Amino acid sequence: MRLGHLGKIGIGWGIISVVGIGAFVALKQSVDKNRYENMKVRERMRQSNVGQYEVKEARRFDAKLQLMQEMEIEMMSDLYSRMTQACHKKCIPPKYADSELGKGESVCIDRCVAKYLEVHERIGKKLTAMSAQDEDLKKKMGV
């Protein structure tokens with residue numbers, strides 16, 4: 001059986017593809033092995049540089065950080081919920097005429113969400129500034 005010009009090209013591509021995939025897998029395994037070794041070395045270095053006191057402080061910091069992250073998620077979830085309810089109530093009539101939002105409803109929701117987020121950002125900045133002032137005052141008073 002004789003292969004035509006296209007048949008030879010097809011066999012060539014098949015061979016190149018298999019060899020290329022094999023080379024990629026081998027290279028990826030090598031890179032992964034090197035990364036794993038580097039991670040082990042870094043971990044050993046980190047552990048050798050950390051004292052008992054620092055470990056306790058790091059754990060306390062991690063616990064505080066985790067608590068702050070959980071509070072942030074809870075606050076953002078609450079913000080989203082309140083914003084959704086407020087903008088829905090303001091922009092969408094109680095009786096739905098269509099299955100999709102109208103142009104006026106979409107524009108109203110866009111503006112409502114933008115205003116809600118802008119106010120939230122302003123309040124956050126104001127609270128941050130007030131907190132910084134409180135900290136400065138505490139430092140001056142020596143508390």
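Modeller: Accessible areas here come from the Shrake-Rupley method with a 1.4 Å probe. Keep in mind that this is a predicted model.

Biologist: Thanks! How much area does the protein expose, and what share do carbon and sulfur atoms supply?

Modeller: The exposed area of the protein is about 13,300 Å², with 61% of that supplied by carbon and sulfur atoms.

Biologist: And what percentage of the residues is buried?

Modeller: Buried means under 20% relative accessible area. In this protein, which has 143 residues, 5% are buried.

Biologist: Which secondary structure elements should I look for?

Modeller: You will find 3 helices and 0 strands. Following the sequence, the pattern reads α-α-α.

Biologist: Let's pick one residue. Where is G104 found, and is G104 buried or exposed?

Modeller: G104 belongs to helix α3, which covers residues 103-141. The cut-off for exposed is over 50%. G104 has a relative accessible area of 53%, so G104 is exposed.

Biologist: How far apart are the C-alpha atoms of G104 and I92?

Modeller: Their separation is 9.4 Å, and the two residues are 12 residues apart along the chain.

Biologist: Now the surface. Which residues form a nonpolar patch?

Modeller: A patch takes residues with over 30% relative accessible area and no salt bridge, and nonpolar side chains are joined within 5 Å. Here V119, I123, L127 and M130 form such a patch, and together they have about 370 Å² of accessible area.

Biologist: Where does M130 lie, and why does M130 count as partly exposed?

Modeller: M130 lies in helix α3. Partly exposed covers the range between buried, under 20%, and exposed, over 50%. M130 counts as partly exposed because its relative accessibility is 41%.

Key:
Residues are numbered from 1 along each chain as its sequence is written. This is a predicted model: local features need pLDDT of at least 70, side-chain atom pairs count only at pLDDT 80 or more; totals for chains, interfaces and linings use all residues. Side-chain values use heavy atoms; hydrogens and water are left out. Helices (H or I, at least four residues) and strands (E, at least two) are DSSP runs, numbered from the N terminus. Buried means under 20% relative accessible area, exposed over 50%, partly exposed in between (1.4 Å probe, protein chains only). Patches are made of residues with over 30% relative accessible area and no salt bridge: like charges are joined within 9 Å, nonpolar side chains (Val, Leu, Ile, Met, Phe, Trp, Tyr) within 5 Å. A salt bridge is a side-chain nitrogen of Lys or Arg within 4 Å of a carboxyl oxygen of Asp or Glu.
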